[in-house]
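Here are my notes on the model you sent. Please read them with the structure open.

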Amino acid sequence: MSNFFSEKVLKEIKKTESEIVMKKKFLSENECKELLEYFRNLKNKSIGKSKSVDREESTKIFFGFHQSEFLKKLKPKIEEYIGEFFVNDFQPHIITCRFPLRLHADSGKNPNDVIYKNVIIPLEIVYDLKQNINKPPNTLIFKNKWYNQSSLFTKQTSNNYDFIIKDKNNNFVDIINILDFKEKIQNISNEIFSYNGNEFLVNERFKEYIDSLGKTKRYNARTDKHILNNKDFDKKDYEKYMTHQPYEDCQSLEIDKVISWEIGSLMTWDRSRLHCSDNFLKNNVVSKTCMAFFTSKTKT
Ligand SMILES: [Fe+2]
């Protein structure tokens, strides 16, 4: 692979690598509930440099560990399990996902950063209780590693403009090129628009939303360089977990662990690891919320 990290930094990164950690009941259910309430009631949800994000598929609230007494104590409590850490390049956040995250690695953007652990703490799972089946969401962590900048892994690398939006029946729909979509709805107002078999109610608000997506700058690069051999991904695992991602993107992947979400558990893994959500929509999960941040071993 290319030399994103210098030899010295890469050596430091590899020295810190370890097994995946899952510590059950790290926080109590009550602590999780209070924490969520605290964040959702904040007037200012954009602490620090990052602006809060509220999209159909996900909502992000950014925070700093100095923001509250509870958060001040939380950092050393996590350090008891993973050792001292710093957060350098992407602010800690609370993320609510309504569409499963695809295959990616949170390896950052700084070649001098000694990247360390991904940390997540599940805080809330909302189920569609009208359905018979309700199973908790899973995080899949692969044996495959990535020592380049933060990336989304897919063979669809032709553009940076794919988004997931809701149609008029509240189904999540993949729009491969939002700019093409925007052009097609330009002269429509207050009408139903049909696009690749899905229907959208196009009004001014919807148009403004699509326009804002087209201007969004992505954090992750896109690449298919994660594919290292011709080994096909297990079809059963694909059907069970990964149907939100094209099958061809899973080539050469090897699952290390599938971690079922438990509220208040502490989950950590090396930032070089490829990971993704399972397709929780299949198990009638409406949304899942966790605390998430990417740590480093040195301060940059
Ligand atoms: Fe991630």
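The points below take up a hairpin, a pocket and a helix, in that order.

1. The model is predicted, and only features that pass a pLDDT limit of at least 70 are treated as local features.

2. Strands β11 (residues 191-195) and β12 (residues 198-202) run antiparallel and are joined by 5 bridges. Across this pair, Phe-193 of the hairpin faces Phe-200, which belongs to β12. The hairpin has 2 residues between its strands, and Asn-196 has a positive phi near 45°.

3. Phe-200 appears again in the lining of the second largest pocket, together with Glu-56, Lys-166, Asp-167, Lys-168, Leu-201, Asn-203, Arg-205, Phe-206 and Tyr-209. Two elements, β12 and α5 (204-214), each give two or more residues to this lining. The largest contribution comes from α5, with 3 residues.

4. The second largest pocket holds about 260 Å³ of space. By residue type, its lining is made up of 5 charged, 4 nonpolar and 1 polar.

5. Which residues of helix α1 (residues 7-16) are buried? They are Val-9, Ile-13 and Thr-16. Viewed down the axis of α1, these buried residues fall within an arc of 65°, so they line one face of the helix.

6. The buried residues of α1 pack against two strands, β6 (115-127) and β15 (266-270). On the face turned away from the buried side, α1 carries the exposed residues Glu-7, Lys-8, Lys-11 and Lys-15.

Technical notes:
Residues numbered from 1 in each chain as written. Predicted model: local features only at pLDDT ≥ 70, side-chain atom pairs only at ≥ 80, totals over all residues. Heavy atoms only, no water. Pairing = 2+ DSSP bridges. Helix = DSSP H or I, 4+ residues; strand = E, 2+ residues; numbered from the N terminus. 1 Å grid on protein atoms, 1.4 Å probe; cavity = no way out; pocket = protein on both sides within 12 Å on 5 of 7 lines; lining within 4 Å. Points joined across faces, edges and corners; volume = space filled by probe spheres on them. Nonpolar A, V, L, I, M, F, W, Y, C, P; charged D, E, K, R; others polar. Buried < 20%, exposed > 50% of the residue type's maximum accessible area, 1.4 Å probe, protein only. Arc of directions from axis to C-beta. Contact = heavy atoms within 4.5 Å.
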